[in-house]
Amino acid sequence: MGEKKTEVRAAVVGLGWPGMQHLKGYIADSRSEVIAVCDLDKTHAEEVASEYKIQHIYTNHLEMLENKEIDAVSVCLPNFLHAPISIDALNAGKHVLCEKPPARSAEEAKAMADAASENGKTLMYALVQRFGGNAQRLKQLVTAGELGDIYFGKAAYVRRRGIPIGKEGWFVDKKRSGGGALIDIGVHALDCIWWLMNSPRPVEVMGAVYSHFGHLVPDDVKYDVDDGTFAQIHFENGATIILETTWALNLPGDNYIKVAGTKAGATLNPFTLYTEEDGKEVDKPLNAPRINGFDEEVKHFVGCIVDSEEPISSAEQGIMLMQMLDGIYESAETGQSVHITDFSTPNG
């Protein structure tokens, strides 16, 4: 038998740490290969291409998109570039795996979803916490009904100190980032717990946003984003999520996912099922295989392309996720709860 034919030829735009994880994920999947890389730093792109034996090197994504050999593109760039470059790639007939957050706003995410729909291409978001071993195992238990109807979730991604600056300060510049701690790391915690709760449609949000730690960044860096955000989100099915996320807080750092249903509850860390047996409360430690979430994420993306299936982190979900983030920011600004309208359907 001859060698298996490559089914997905990929390009990676942006060769920072996330981009390198995407690149390695494609290499790990026998159905795909990376045939092009693109980065403004040509020397770095050449070094990566040399190390991984990648044929094409670009510093301009539009030139790269003219390459008809490319089937799929990973967009691993600062937030303000997610929508324009993803849309360019979709319009060029490429499938897209875009790093989190989906965009800077729900409006941008909808434009991305519309481009995917109009071009008949897959748009998936790289929400890697969905692909960890514990999360995958807990999702199986949820799907099997082990927790009953899930009606409450609590999630946190809290750093005591950990404000990222980014190249030329883009992380802490709202115009380029879309926000601070919430859109950077809070999106991970919110997305993971929302997915575990079967992604109900959000209907109302109440949020509080704080920015008290600008003194921790250099004086010449513009800092106009949140370093602490707290929110409560209500869903169409009656469920509720409470979210905590900070880059800086005068409390210990924390990172947890907790879900509660009518039959049982669970936490990801420690990975435990909280249930009852014979009328008594029982805490059951759970086990899951240790897997590389980035590899699994890319594997899922490749599989969706090959099998023409909808990604678990879909374009529509990207819109709703951004609606929740937008709603939190709007609520904090107005001091009122925010009702989320339904415009998640592409072209709707």
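## The tail end of the chain

At 52% relative accessibility, Thr341 counts as exposed, the cut-off for that label being over 50%. This threonine sits in the segment that follows strand E15 (338–339). Measuring in sequence, Thr341 and Met320 are 21 residues apart, and their C-alpha atoms are separated by 9.8 Å. Please keep in mind as you read on that this is a predicted model.

## The chain as a whole

Stepping back, the secondary structure of the chain comes to 10 helices and 15 strands. How does the radius of gyration of the chain sit beside that of a compact globule? For 348 residues the globule value would be near 20 Å, and the chain has 20 Å, so the two agree. The C-alpha trace spans about 60 × 60 × 40 Å along its principal axes.

Buried residues account for 54% of the 348 residues. If you take the contacts between residues at least 6 apart in sequence, 70% of them join residues at least 24 apart. On the outside, the chain exposes about 16000 Å², with carbon and sulfur atoms supplying 47% of that area. As for charge, there are 32 positive and 50 negative charges, and the mean positions of the two sets are 3 Å apart.

## Two helices and their buried residues

Helix H1 covers residues 17–28 and offers a simple geometry check. Its 12 residues, at 1.5 Å a residue, should span 16 Å; the end C-alpha atoms are 17 Å apart, which agrees. The buried residues in H1 include Gly19, Met20, Gln21, His22 and Leu23, along with Gly25 and Tyr26. A general point helps when reading such lists: an α-helix has 3.6 residues a turn, so residues three or four places apart point the same way.

Helix H6 (residues 133–143) has buried residues too, namely Gly133, Ala135, Leu138, Lys139, Leu141 and Val142. What covers the buried residues of H6? The cover includes strand E7 and helix H8 (181–196), together with strands E11 (254–261), E12 (265–268) and E13 (271–277). Just after H6 comes Gly145, which takes a positive phi of about 85°.

## Two buried residues up close

Met64 belongs to helix H3 (residues 61–65). Is Met64 buried or exposed? With a relative accessibility of 1%, Met64 counts as buried, since that label applies under 20%. Setting aside neighbours within four places in sequence, Met64 is in contact with Ala11, Val13, Cys38, Tyr58, Ile70 and Val73. Ser30 is 34 residues from Met64 in sequence, and the C-alpha to C-alpha distance between them is 23 Å.

Asp173 is found in the loop that links strand E7 (150–158) and helix H7 (174–177). Its relative accessible area is 9%, so Asp173 is buried. Which residues does Asp173 touch, not counting those up to four places away in sequence? They are Gly178, Lys222, Asp224 and Val225.

## Backbone spots worth a look

Most residues other than glycine have a negative phi, and most peptide bonds are trans. Against that background, here are four places to find in the viewer.

Two of them are cis peptide bonds. The bond from Lys100 to Pro101 is cis, with omega near -15°, and Pro101 has its place in the loop between strand E5 (95–99) and helix H5 (106–119). The bond from Asn269 to Pro270 is cis as well, with omega near 0°. Pro270 lies in the loop between E12 and E13, and those strands are among the elements that cover the buried residues of H6.

The other two are positive phi values outside glycine. Lys53 has a phi near 55° and lies in the loop between helix H2 (42–52) and strand E3 (56–58). At 75% relative accessibility, Lys53 counts as exposed. Ser308 likewise has a positive phi, of about 55°, although it is not a glycine. Ser308 is placed in the loop between helix H9 (293–307) and helix H10 (315–334), and its 68% relative accessibility makes it count as exposed.

Terms used:
Residues are numbered from 1 along each chain as its sequence is written. This is a predicted model: local features need pLDDT of at least 70, side-chain atom pairs count only at pLDDT 80 or more; totals for chains, interfaces and linings use all residues. Side-chain values use heavy atoms; hydrogens and water are left out. Helices (H or I, at least four residues) and strands (E, at least two) are DSSP runs, numbered from the N terminus. The radius of gyration is taken over C-alpha atoms; the globule rule is 2.2 Å times the number of residues to the power 0.38. Buried means under 20% relative accessible area, exposed over 50%, partly exposed in between (1.4 Å probe, protein chains only). Contact means heavy atoms within 4.5 Å. Accessible areas come from the Shrake-Rupley method with a 1.4 Å probe; for residues, only the protein chains shown count as cover. Lys and Arg count as positive and Asp and Glu as negative; His and the chain ends are not counted. The place of a charge is taken as NZ of Lys, CZ of Arg, CG of Asp or CD of Glu. The expected span of a helix is 1.5 Å times one less than its number of residues.
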